[in-house]
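I'm opening a notebook page for a structure I haven't looked at before. The plan is to jot down what I look up, one topic at a time.

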Amino acid sequence: MAKSSSLNVRVVEGRALPAKDVSGSSDPYCIVKVDDEVVARTATVWRSLSPFWGEEYTIHLPLDFHHLAFYVLDEDTVGHDDIIGKISLSREAIAADPRGIDSWINLSRVDPDAEVQGEICLDVQMLEDARGRCLRCHVLQARDLAPRDITGTSDPFARVFWGSQSLETSTIKKTRFPHWDEVLELREMPGAPAPLRVELWDWDMVGKNDFLGMVEFPPQVLKQNAPSGWFRLLPFPRAEEDSGGTLGALRLKVRLIEDRILPSLYYQPLTELLMESVLGPAEEDAASPLAVLEELTLGDCRQDLATKLVKLFLGQGRAGPFLDYLTRREVTRTTDPNTLFRSNSLASKAMEQFMKEKKYMELDPCKMDLGRTRRISFKGAPSEEHVRDASLGLLTGYLGPIVEAIVGSVGRCPPAMRLAFKQLHQCVEERFPQAEHEDVKYLAISGFLFLRFFAPAILTPKLFDLRDQHADPQTSRSLLLLAKAVQSIGNLGQQLGQGKELWMAPLHPFLLQSISRVRHFLDQLVDVDEEEEAGGPARALVAPSVIVREGYLLKRKEEPASLATRFAFKKRYFWLSGETLSYSKSPEWQMRSSIPVSHIRAVERVDEGAFQLPHVMQVVTQDPASVLHTTYLQCKNVNELNQWLSALRKASAPNPDKLAACHPGAFRSSRWTCCLQAERSAAGCSRTHSAVTLGDWSDPLDPDAEIQMVYRRLLLGRDQLRMKFQEDPNTDSSPEADAEKSSGATEGACPDALARQREAATRLLEVLEDLDRAHEEFQQREQQKAALGPLGH
């Protein structure tokens with residue numbers, strides 16, 4: 001049984017942030033850290049004290065992570081960025097509520113003494129001789145210490161306290177990975193048993209030393225089982241200081257998801273039930289897994305469920321029938337065509353998720369350069385009419401290419417998506433055949449394409465990976481006007497002149513001219529051969545030939561001893577697939593070099609001090625002769641670094657013999673820059689982080705994890721399902737009572753439909769009970785192994 005752990009994080013917005021710039025404003029951005037590993041950075045929102053980010057991340061984690069932290073900084077073009085404040089959430093605080101955290105949280109001041117990280121390796125022995133008891137503390141090494149000096153390193157030494165005595169190790173200069181290998185002995189003094197405390201400090205020639213962290217062991221631990229191994233450094237115990245909102249606050253959504261995944265064969269019956277349910281009559285379905293899930297799941301949970309179901313049916317090659325089933329249910333239950341797909345139903349969420357997958361939807365209405373606005377100068381003060389006419393010319397100038405890009409994109413929409421729209425088109429046309437509802441079949445499709453895809457992509461291109469940063473306020477206003485116009489075109493002009501925004505009236509002639517072209521575009525979109533597989537082919541867990549990431553990186557030559565650092569990195573274009581990491585001088589270059597993904601043993605960050613360059617990572621590979629080689633790659637920013645790290649770690653996840661430790665520095669001038677070891681073959685001084693990755697739609701599908709989440713959701717409705725469709729042996733089972741019970745469960749359904757629903761409910765309940773037993777059996781085995789200790793394994 002495998003265990004999985006992931007965090008769903010949404011950095012929504014900030015409020016009442018302090019001004020850090022002379023202009024009376026700030027340029028805030030947020031950094032997300034998991035156990036001091038930077039996993040994400042939001043865009044910078046320029047000149048705002050109440051920034052909106054709206055950025056979401058799914059972070060896959062090791063099971064033993066400790067805390068999640070959010071740092072808000074003010075970006076400066078000159079000098080270091082200013083720290084505004086931080087929020088730190090422990091694992092226990094996040095896991096306390098299964099629904100997670102969704103609230104405003106005040107920022108706290110960043111206390112340098114509390115900003116500790118890393119681990120220390122100790123071997124403690126309690127000895128006794130003629131002179132009494134003696135504590136022998138072998139201080140071996142430390143790793144990943146916080147950088148306290150301007151060079152990005154520290155000068156660490158350890159101080160050991162036992163009772164009233166204390167001893168210190170030597171100081172090791174310019175490293176965050178010190179190796180001491182020193183033994184300190186302290187004699188027991190009269191009095192009560194004392195704890196052992198080991199503190200790490202950064203030595204400074206001028207001023208006071210900087211605290212790096214501490215560990216403490218109570219007397220009973222020293223007596224029963226003397227500590228030996230790696231220990232996480234902690235800050236000095238102190239109460240968390242609340243700034244009282246003076247530093248502002250962040251609105252955060254954080255949810256921890258942990259589960260145990262059974263072997264695939266245990267999920268096969270539930271998977272088969274799900275696949276069968278989309279083939280039946282959706283209109284009368286009330287007891288299939290999908291019907292139960294739709295009834296039970298509300299709010300944000302429906303978004304998560306839609307994501308899991310779309311991935312699950314994609315993996316089975318049944319995405320088309322799945323979407324058709326949901327849209328048929330939605331259309332059947334809709335009486336007013338104006339409300340069709342306007343709610344957050346499972347059908348709406350599933351269609352949204354299907355369009356979000358990068359492999360299936362490449363339509364990009366924002367490819368034209370919207371930033372090339374020409375300056376308009378006026379002699380004297382411009383009139384309102386003059387400004388309006390100039391603005392109208394600019395907006396129509398942008399809208400023209402946008403509409404052209406949309407209506408000309410039929411061939412770029414994948415067949416699976418077009419088939420889903422065709423089935424939706426037919427279903428709506430059958431449900432609303434009246435002449436006055438002629439446009440409903442178009443609006444059902446444009447409601448997804450225009451309102452949920454094109455318009456949001458224009459409004460917030462950063463959230464669709466079309467830009468690295470949020471737009472400035474003036475550009476954002478222009479994008480808002482363009483998004484409103486595109487949304488009006490998608491509505492086929494039905495609400496023009498009826499809302500509050502009558503100032504948009506000058507655009508109406510252009511919008512009305514575009515409507516006929518949009519209708520023609522939608523007709524072409526649904527004109528697709530139905531014989532093609534509606535769901536697309538079943539997708540493998542890992543698609544070896546598919547390019548999952550590509551782009552320019554700076555690559556360091558293997559042996560650049562004769563070159564200065566900045567000349568040793570050369571610009572190359574990289575492609576990553578499930579099989580190879582290949583590169584060449586440019587995308588068009590025919591000759592490529594490649595690194596087999598199966599040879600990768602670690603993918604890690606590199607300390608900035610190794611090459612005096614930021615955003616560098618290393619790919620450690622092992623050749624057939626078992627020799628390790630390291631390739632250094634530099635990215636343009638921290639987000640690109642995180643994305644490449646995540647993609648490479650996921651691609652190499654199945655590889656055997658992964659490294660547990662590596663060097664975060666480089667071997668230069670006959671020593672490692674990180675731990676100062678003189679042997680190139682010295683063991684790695686820092687833990688690897690192969691389990692820390694970012695979730696993305698390009699991830700390989702994991703049907704066992706998807707179906708496990710579906711199983712957990714179904715458990716919530718098991719009792720309700722029993723009450724509706726199963727007879728209670730302790731109640732009246734007469735035909736009259738049975739008929740009354742059935743009519744209460746599904747009023748108006750025919751007897752044959754009721755029988756089918758009862759049969760479906762019984763099968764589903766049996767499958768859930770089988771999965772319950774399997775989980776209990778595996779849990780009992782784990783408990784037995786844990787009780788036996790190492791021998792049990």
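**Confidence first.** I started with pLDDT, the predictor's confidence in each residue on a scale from 0 to 100. The protein averages 82, and 84% of its residues reach 70 or more. This is a predicted model, so I note the ground rules: local features need pLDDT of at least 70, side-chain atom pairs count only at pLDDT 80 or more, and totals for chains, interfaces and linings use all residues. Residues are numbered from 1 along each chain as its sequence is written, and side-chain values use heavy atoms, with hydrogens and water left out.

Where is confidence highest and where lowest? I found the top in strand β10 (residues 156-162), at a mean of 96, and the bottom in helix α17 (residues 735-745), at 45. I also marked residues 358-381, where pLDDT stays under 50 and the model has 41 contacts beyond four places in sequence. Residues 533-542 stay under 50 as well, with 31 such contacts. A contact here means heavy atoms within 4.5 Å. Note to self: where pLDDT is low, the predicted coordinates should not be read in detail.

**Overall make-up.** I get 18 helices and 28 strands for the protein. These are DSSP runs numbered from the N terminus: helices are H or I with at least four residues, strands are E with at least two. Of the 793 residues, 47% are buried. Buried means under 20% relative accessible area, exposed means over 50%, and partly exposed is in between (1.4 Å probe, protein chains only). Among contacts with a separation of 6 or more, 68% link residues 24 or more positions apart.

**The four-strand sheet.** I traced an open, antiparallel sheet in the order β12-β9-β8-β15. Why do β12 and β15 (228-232) have one side without a neighbour in the sheet? They stand at the edges, each with a single partner strand, so one side of each is left free of a neighbour there. From one strand to the next, the twist averages 25°. That angle uses axes that are lines fitted to C-alpha atoms (for helices, over the stretch in contact), and angles run from 0 to 180 degrees between N-to-C directions.

Strands count as paired if DSSP finds at least two bridges between them. Strand β9 (residues 132-143) meets β12 in the antiparallel sense over seven bridges, and there C137 has L184 of β12 as its bridge partner. At the other end, strand β8 (residues 119-129) is joined to β15 by five bridges, again antiparallel; E119 is bridged to R232 of β15.

I also checked the two faces of β12 (residues 179-187). W180, E182, L184 and L186 lie on the covered face, while H179, D181, V183, E185 and R187 lie on the uncovered one.

**The seven-strand sheet.** Another open antiparallel sheet runs β20-β19-β18-β17-β23-β22-β21. Its edge strands are β20 (593-596) and β21 (600-606), each pairing on one side only. Neighbouring strands in this sheet are turned by 35° against each other on average, direction ignored. I looked up one pair inside: β17 (residues 549-556) and β23 (residues 628-634) run antiparallel with two bridges, and L554 has Q634 as its partner in β23.

**Helix α16.** Which residues of α16 (residues 718-725) are buried? I found R718, L721 and F725. They fall on the same side of the helix because they cover an arc of only 60° around the axis; the arc is that of the directions from the helix axis to the C-beta atoms. D719 and M723, on the other side, are exposed.

**Cysteines.** I counted zero disulfides, a disulfide being a pair of cysteine sulfur atoms within 2.5 Å. For C674, the nearest cysteine sulfur is that of C685, 3.5 Å away. C674 counts as buried at 3% relative accessibility, and C30 is buried at 0%.

**Two single residues.** H425 sits in helix α9 (residues 415-431) and is buried at 10%. Beyond four places in sequence, H425 touches K441, I445 and V526.

P195 is in the loop between β12 and β13 (196-202), partly exposed at 36%. Its contacts beyond four places in sequence include F161, W162, G163 and E216. P195 and E216 are 21 residues apart in sequence, yet 6.8 Å apart in space, C-alpha to C-alpha.
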